[in-house]
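Subject: Handing over the structure, with notes

Dear colleague,

Please find the structure below, followed by my notes on what was found in it. I would be grateful if you read the two side by side.

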2 protein chains.
Amino acid sequence: MIDEETARERVVSTADRLFYAHGVQAVGMDTVRTESGVSLKRIYALFPSKDDLVLAVLRRRTRQWDTGVTGAVSGAGTPRDRLLAVFDFLAEWFREDTFRGCAFINFFGELGGDSNRVAEAVREQKASFQRRVAELVREAGGPGHLAPQLVLLAEGAQTTAAISGEPDAAAHARAAADTLIRCAFEGSQEAERAL
Amino acid sequence: MIDEETARERVVSTADRLFYAHGVQAVGMDTVRTESGVSLKRIYALFPSKDDLVLAVLRRRTRQWDTGVTGAVSGAGTPRDRLLAVFDFLAEWFREDTFRGCAFINFFGELGGDSNRVAEAVREQKASFQRRVAELVREAGGPGHLAPQLVLLAEGAQTTAAISGEPDAAAHARAAADTLIRCAFEGSQEAERAL
DNA sequence: TAGAGTAGAGAACGATGGTTCTCTGCGCAA
DNA sequence: TTGCGCAGAGAACCATCGTTCTCTACTCTA
C-alpha cells in the first residue's frame, strides 16, 4: 500500500494533467482514478469533493509557477534582465507540447462564474504574480505604473500562445516589455534630472 | 408561432448569456429552452447539437466584436488615436456588470482541448483581430512588429480585468499601448532619417 | 493459525446531461 | 365540419456525472 503523500501527489498530478488538457468538467472522477491508480475511496478520503481536488491542483500550479519564476529570475544579472527573464520563462513554457494556456485563466473561465473558491484562488495567484513583478520593478528602480503593464503583456502572451499555438507570442511580449522598460527608465531619469 | 429568425436569435442570445456567465458545460439544454421560451424540438431543428449552438454563439460574438471595434475606431481622428480607440472600447466593455472576460478565451479553455470546431472558431476570431490591428498599424505608418504587441496588451487586459474584477486593466493597457506606439514611431522616424 | 481491521475494485445510486419521442391541441384546406 | 399536419410541452431515454457502499482479500497481531 502506498504512502499517503505519494497517493496525494499521484492524484493531484493526474488530475492536473487531465483537467488542464480537457477542462475540468470533461474529466470524470472515474478517469482520475483509473489514470492515477488510486481508488475512489482513497481519493475521496484525501479530497472531500471534486472542487477540493481542483483547488489542490491550483495550489500545486501556484507552487510550480512561483519556483519557476524564482529560478528564471535568479539566473539573470541586472535588475532589468531579471524583469525580462520572466518572459524567457514564458517562452520555454510555451514550447512544451502539452501547453494549453494558463490553467488559472482556463479554470476561471470554466468554473469561476459559479465557484467562489476557484475564483478566489485564481484571483489570489494573479495578484501574487502582480506583486512579484512590482517588486522586481521596484528593485530595478522603475516607476510603479510599469508593473501592471508588464503583467498585461505576460497574460496576453499566455492566452495568445495557447490559442494560436505559436510560442512566438513570448518573443513579442519580451520585445514589448523591453520597450516599455526602456521608456519607463528614460522617463524616470528625466524626472530625476528635472528635480 | 414565432418566426424562424426570431426563434434562432432568442435561442442564441439566451445561450450566449448563460454559457458566458456559467460556462458551457454547466448549462443544460433544458435551461436554454426554459429561458429562451423555445421548445427543445425547435432548438434541435435549428441547431443539430449543443456544439452547433456554441458555434452559433461564437459567430454572434464575432459579429458584435467586429462592429464594436469598427464603431470605436471610426469615432477617432488621427490614425494613432484609432489604435488607442480599441482600448477605450475595451474599457467600456469591462465596466459592464455582466463582464466576465473574453468568451472566446473562456470557451477555448473549457472546450478547445476536445472540440476542434470550437478551437478553430476561436483561433480564427483572434487571427482576424490581429489582422485588424495590423491594418490599423499600417494605416498609421507604424512598423509591423507593433501590431502583435498591441494585441498582447488587449488580450492581457481582458483576462486581467475579468479575474481581478477591476476595469482599470484597460487604462493600464491603453497607457502601455501609448508608450509602445510612441516608441515605435520614434524608431521608424529615426530609421527614415537614417536613409 | 484465527480474527480483526483496512484497502481496493468496482457496483450502485440518485441526479443530470444531451437528445429523441410522444401526445396534445390548434390552424387550415376541402 | 372533418381530417391532416405541424408546433409545443415535457416525458422518456440512455449515458455519464459525482459520490457512496459493498464485498473481497490481504496484512498484521495475539
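How many residues of chain A are in contact with how many residues of chain B? The answer is 37 residues of chain A with 37 residues of chain B, where contact means heavy atoms within 4.5 Å.

Before going further, the conventions: this is a predicted model, in which local features need pLDDT of at least 70 and side-chain atom pairs count only at pLDDT 80 or more, while totals for chains, interfaces and linings use all residues. Residues are numbered from 1 along each chain as its sequence is written, chains are lettered from A and ligands numbered from 1 in the order in which they are written, and side-chain values use heavy atoms, with hydrogens and water left out.

The protein–protein interface

Between chain A and chain B an area of about 3200 Å² is buried, and carbon and sulfur atoms give 67% of this area; buried area is here the accessible area (1.4 Å probe) that two parts lose on being put together, summed over both. The count of salt bridges between the two chains is zero, a salt bridge being a side-chain nitrogen of Lys or Arg within 4 Å of a carboxyl oxygen of Asp or Glu. Seven residue pairs, both at pLDDT 80 or more, are in polar contact between chain A and chain B (a pair of N or O atoms within 3.5 Å; within protein, one must be able to donate a hydrogen and the other to accept it, and residues adjacent in sequence count only if both atoms are side-chain atoms).

On the side of chain A that touches chain B, at least two residues each come from α1 (4–22), α6 (103–111), α7 (116–139), α8 (146–164) and α9 (169–194) of chain A, where helices are DSSP runs (H or I, at least four residues) numbered from the N terminus. The largest share, 12 residues, is that of α8(A). By class, this side of chain A holds 17 nonpolar, 14 polar and six charged residues; Ala, Val, Leu, Ile, Met, Phe, Trp, Tyr, Cys and Pro count as nonpolar, Asp, Glu, Lys and Arg as charged, and the others, Gly among them, as polar.

Symmetry

Chain A is superposed on chain B by a rotation of 180° with 0.0 Å of shift along its axis, at an RMSD of 0.0 Å, the fit being by least squares on the C-alpha atoms of residues with pLDDT of at least 70 in both. The two copies are therefore related as by a two-fold rotation axis. In chain A, the C-alpha nearest the axis belongs to A:G156, at 1.8 Å.

The DNA strands

DNA strand D is surrounded by 12 residues, of which the closest are A:G28, A:M29, A:Y44, A:K50 and B:R33, a residue being near a strand if one of its heavy atoms lies within 4 Å of it. A polar backbone atom of A:M29 is 2.7 Å from a phosphate oxygen of strand D, whereas a polar side-chain atom of B:R33 lies 2.8 Å from a base nitrogen of strand D.

Around DNA strand C there are also 12 residues, the closest being A:R33, B:G28, B:M29, B:Y44 and B:K50. The side chain of B:Y44 places a polar atom 2.7 Å from a phosphate oxygen of strand C, and a polar side-chain atom of A:K41 lies 3.2 Å from a base oxygen of strand C.

With best regards
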